[in-house]
Amino acid sequence: MEIVHVYTKLRSEFGRQCLFSDRPAELLLDVPADQSLASQFTQKTHRDQGQQACRDMSEHQVNTKRFESVCCGLNHEEGGWPKDVNHQEMEQTIRFRKKVEKEESYINSILQLGSVMEHCIRQNNAVDIYQDCFEDGEKLEEHQEPPSAKTINVFRDPNELKRTVTGLSWHPDGGEKLAAAYSCLDFQKTSRDMSLDSYIWDIENPNRPELSLKPASPLVCLEYNPKDSHSLVGGSYNGQIAYWDTRRGSQPVETSSVEHSHRDPVYKIIWLQSKTGTDTFSASTDGQVLWWDVRKLSEPTERLVLDPGREGNPERALGAISLDFESTMPTKFLVGTEQGLVVSCNRKAKTPAEKMVCTYDGHHGPVYALQRNPFFPKNFLTVGDWTARIWSEDIKESSIMWTKNQMSYLMDACWSPVRPAVFFTVKMDGMLDMWDILFKQNDPTLSLKVCDEALYSLRLQDNGRLVACGSQQGEVTLLEISSGLSTLQKNEKSLLAAMFERETKREKILEARQREIRLKERSRSEQSRSEDGGQEDADQSPLQLMARAEEDFYVLTETEMKREDQDLSSEL
């Protein structure tokens, strides 16, 4: 029988934690002077003398011998056994161990090694060499930094007649440049003297733009190609699409024909992820979504009419004002409309009716901004009227989270590319709001007064540190955000995933309960009508029947209003 001694202990339990604490100075011993010993000392005059406390050093050049290292393999085989013992046979090794354990020399060796091993174990118990004593303290200091932002530069429209900054796009390689689209969105308020140019700015030089883009009509939106940093595509006020290569100058390389373009301003254009890197699609308030290949802009490659009846009728189409596309979902895209609806579409569907999958209704005005969360693509952010809302693809009836009504209109919003729980909004009163929904949901974490004019556009750099805001008077303000709002926090992804899942389940339960209440009310009204109708309808005159129908209508209206008040109170 083999006797085996095993000593086990968790590595985290090794060593004792060093505990430090602050406390005031203590007087441990006070030794008074002995006057009787004064006669034994000789008092000397004091003299001040400079003293250099460091060692004298000299600098020399030394050539060391070169050491050549060689990498070679090593095969290890178990050894140390006597020749008559085969170490691969378990019975022979056990028999040999029992024989050795009975020898006096073995017992003496164990006793001598025991004291050495005991000393080493006590050392391990005294200090844990693997412990980082100050790791938690550094994290705590970073977390306690208050959120803040500071203005770095302001880029002003160089023309006399100022125009609104309607679109922004960061350079894909490093974000050292910023493209801005300028146009006047006020109907019939443009003048002949107003410039049509848009500009590309170097963020280090706010005095003059690096390049001027000269379209045939003012640009409403502008977007860099993420695969080619020299390519840009823009949507014009007259509905045309223009394509630039910055290496060829200010004039567009290709421009779509007026006959095959949009009939209203192009409010959003996005590059698609394709093998060629030349495919885009655009949205306009004429109710169309058009797909383009910038190598041939004579006509669109595909067309979708946003008809809620799914018949492709352009007269009943919903005007598109925002657009979102996620590269991880190549067939799906979202469209925000002027009517407050968000339309979920599938490009690969066979018929136009199947391309419009579903709608989300929650805003009382145009959906000015629409973006999926970069970490959780099933959840997306919308901005319209006075609120910002977060939706889940699984819930069609209501958003899962929303802000309270603000004092002025929200015009644009976007998620942070590095922190999943942070998003930004701009408003008509010139305020930039930064929201951290893990910290608080009712109020923004930080609000800044960027300028006195209305803010219309917003865009974050890919590293999450710089944010650009475009105003109504043609100013692009560049701000730097503090590290607390631009650095991923500990367990942030898991906490936000749990929050989204919890809110989605809550909305599903509320939807199911509301559906049950409606079905019960409908069944009760139908049952009461069937019981009373057979006897009373024959005896009542037409005027009495009309009065009864009117009374039933008012009863249903009152119950519906009460239900809406209950829903509103539960939201608040």
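What is the order of the strands in the open sheet that contains β1 and β26? In this predicted model, the four strands of that sheet follow the order β1-β28-β27-β26, and their pairing is antiparallel.

## The sheet with β1 and β26

The edges of this sheet are formed by β1, residues 149–156, and β26, residues 455–460. Each of these two strands has a single partner, so one side of each is left without a neighbour in the sheet. Neighbouring strands here are turned against each other by 20° on average, with direction ignored.

The contact between β26 and β27 can be followed in detail. Strand β27 covers residues 466–471, and five bridges join it to β26 in an antiparallel arrangement. Within this pairing, Leu460 stands opposite Val467 of β27.

A general point helps in reading such strands. In a regular strand, side chains alternate between the two faces of the sheet.

## The hairpin of β6 and β7

Strand β6 spans residues 219–224. Is this strand enclosed or open to its surroundings? Six of its six residues are buried, so β6 is largely enclosed by the rest of the structure. A residue is called buried when its relative accessible area is under 20%.

The partner described here is β7, which comprises residues 231–236 and pairs with β6 in the antiparallel sense over five bridges. Six residues lie between β6 and β7, and the two strands form a hairpin. Across the pairing, Cys221 stands opposite Gly235 in β7.

## The sheet from β14 to β17

Another open sheet of four strands has the order β14-β15-β16-β17, again with antiparallel pairing. Its edge strands are β14, residues 320–325, and β17, residues 356–361, each of which pairs on one side only. The average turn between neighbouring strands of this sheet is 20°, direction ignored.

Strand β15 consists of residues 332–337, and five bridges connect it to β14 in the antiparallel sense. One of the residue pairs is formed by Asp324 and its bridge partner in β15, Leu334.

## Aromatic pairs

How many aromatic pairs are counted in the model? The count comes to 16. Among them is the pair of Trp386 and Tyr409, whose arrangement is edge-to-face, with 5.2 Å from centre to centre and 75° between the planes. This pair links distant parts of the chain, as its members are 23 residues apart. Trp386 belongs to the loop between β19 (379–384) and β20 (387–392), while Tyr409 belongs to the loop between β21 (401–402) and β22 (410–415). Trp386 is partly exposed, at 35% relative accessibility, and Tyr409 is also partly exposed, with a relative accessible area of 26%.

The rings of Phe423 and Trp435 show another arrangement. Their centres are 5.9 Å apart and their planes are at 5°, so the pair is stacked; planes under 30 degrees apart meet that description. Phe423 lies in strand β23 (residues 422–427) and Trp435 in strand β24 (residues 431–436), so the pair ties together parts that are 12 residues apart in sequence. Phe423 counts as buried at 2% relative accessibility, and Trp435 counts as buried at 1%.

## An aromatic cluster

Which residues form one aromatic cluster together with Phe155? The other members are Tyr182, Tyr199 and Trp201. Phe155 also falls within the residue range of β1, 149–156, an edge strand of the sheet described at the start.

Key
Residues are numbered from 1 along each chain as its sequence is written. This is a predicted model: local features need pLDDT of at least 70, side-chain atom pairs count only at pLDDT 80 or more; totals for chains, interfaces and linings use all residues. Side-chain values use heavy atoms; hydrogens and water are left out. Two strands pair if DSSP finds at least two bridges between them. Axes are lines fitted to C-alpha atoms, for helices over the stretch in contact, and angles run from 0 to 180 degrees between N-to-C directions. Buried means under 20% relative accessible area, exposed over 50%, partly exposed in between (1.4 Å probe, protein chains only). Rings of Phe, Tyr and Trp (its six-membered ring) pair if their centres lie within 6.5 Å; planes under 30 degrees apart count as stacked, over 60 as edge-to-face and the rest as tilted.
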